[in-house]
Amino acid sequence: MPAVTGAPYSANQATESVQTLADGTHVTQTRSTSQIIRDSQGKTRTERLIIRDGNGWSLTVTEIRDPVEGAYYILDQQNKVAHRFATPSAPSSPAVTLQAVGPQTLAGTPSQKPPTGGTRPETTNEKLGSQMMEGVMVEGYRSTTTWPVGTQGNDRPIVSTHESWISEELKTEVLMKNSDPRFGENTFKLTNIERTEPDPTLLQVPPDYSIVDEKGSFKMTVTRH
C-alpha cells in the first residue's frame, strides 16, 4: 500500500453484515473490528480482532507498517515477537497461520460464482455528491451491477450495488457498502475519527520484543486463557 503523508488520524474500523431471511427477519453480525492510527510520515498501526469465543476469550493481532524504514511488522503480543517483512518485496500482506490452543470461531465471507452463461453482467457508475461523515468531508460513488437471467442460474435479473464514500483529505475510505440479494448487505466503516498526531511509541516495536525477519508465511501459536 502506498504511504499517505501529511494526513494523520486515528479511528475505529468495523465490518458488519446483515442477512434478510425469507420471512423478513434481519440477522446482523459484526464480522471484524479493529483500530487504526496513522502519523504524518505515513506510518500506520492496525489492531485487528482475529478470534473471539463465547466465553470472553479473544485474540488481537497488531500490524505496523513503516514506509520510512521500509518494513512491515506483525506483533505476536502473547510471545512478544515482532515478525518483520521488507515492504519493497511484499506489496501485499503475508499469509499468517494462527494456531490457537482451544476452540475458536472464525467468520467467513461468501464468494461470488462466475457467470455460467454467455451473457456478462452490466455495470453502471454514478457519483453521489459530497457530505460530512464522522467529521470529515467525503465524496460518494456507487456502481450497480445487473446479472441477466441465466448467468447465475437465476430466472430474474440480480442487482447488486457497491457504494463507497472517500475522504480526499485523509485519502481513505470512510464508508463502504456492498448490497447483494444473494449474500445480504456488508458494510465497512470508520468511526470516532481523530485527526491528531498519534503517540509515536505506538508506531514502534516495543523494546521488550524480539524481532524475527520473515520472507513468507509463518505460524503464531497462542494459548487460550
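Start by selecting S160, which you will find in strand β10, spanning residues 158-167. Keep in mind as you go that this is a predicted model.

**Stop 1: around S160**

Is S160 buried or exposed? With a relative accessible area of 10%, S160 falls under the 20% limit, so this serine counts as buried. Now show what surrounds it. Setting aside neighbours within four places in sequence, S160 is in contact with S143, T144, T145, W147, S179 and D180. Keep W147 highlighted, as the tour returns to that residue later.

**Stop 2: the whole chain**

Zoom out and switch to a cartoon view. The chain has 14 strands and zero helices, so expect to see β after β from the N terminus on. Colour by burial next: of the 225 residues, 35% count as buried. The chain exposes about 13400 Å², and carbon and sulfur atoms supply 50% of that area. If you draw contacts with a separation of 6 or more, 52% of them come from residues 24 or more positions apart.

**Stop 3: strands β8, β9 and β10**

Select residues 122-133 for β8 and residues 136-147 for β9. These two strands run antiparallel and are joined by 11 bridges. For one rung of this ladder, pick Q131, whose bridge partner in β9 is V138.

What lies between the two strands? β8 and β9 form a hairpin with two residues between them. Click on E134 in the turn, and you will find a positive phi of about 55°.

Now move across to the other partner of β9. Nine bridges join β9 to β10, and this pair also runs antiparallel. Select Y141 and look for S164 of β10, which stands opposite. You are back in the strand where the tour began, since β10 is also home to S160.

**Stop 4: the aromatic residues**

Show the side chains of the aromatic residues. The structure holds two aromatic pairs. In the pair of Y72 and F85, the ring centres are 6.2 Å apart and the planes meet at 40°, so this pair is tilted. The pair links distant parts of the chain: Y72 belongs to strand β5 (residues 71-76) and F85 to strand β6 (residues 81-86), 13 residues apart. Both Y72 and F85 are buried.

Leave F85 selected and add F218. Their ring centres are 6.0 Å apart with planes at 35°, so this pair is tilted too. F85 lies in β6 and F218 in strand β14 (residues 218-223), so the pair ties together parts that are 133 residues apart in sequence.

How buried are F85 and F218? F85 has a relative accessible area of 4%, while F218 counts as buried at 7% relative accessibility. With Y72, F85 and F218 all on screen, you are looking at one aromatic cluster.

**Stop 5: arginines over rings**

Stay with Y72 and add R65. The arginine lies over the face of Y72, at 4.3 Å from the ring centre.

For the last selection, go back to W147, one of the residues in contact with S160. Add R182, and you will see its charged end sitting over the ring of W147, 5.2 Å from the ring centre. Show S160, W147 and R182 together to finish: W147 is in contact with S160 and has the charged end of R182 over its ring.

Definitions and conventions
Residues numbered from 1 in each chain as written. Predicted model: local features only at pLDDT ≥ 70, side-chain atom pairs only at ≥ 80, totals over all residues. Heavy atoms only, no water. Helix = DSSP H or I, 4+ residues; strand = E, 2+ residues; numbered from the N terminus. Buried < 20%, exposed > 50% of the residue type's maximum accessible area, 1.4 Å probe, protein only. Contact = heavy atoms within 4.5 Å. Areas by Shrake-Rupley, 256 points an atom, 1.4 Å probe, with all protein chains shown as cover. Phe/Tyr/Trp six-rings, centres within 6.5 Å; stacked < 30°, edge-to-face > 60°. Lys NZ or Arg CZ within 6 Å of the ring centre and 35° of its normal. Pairing = 2+ DSSP bridges.
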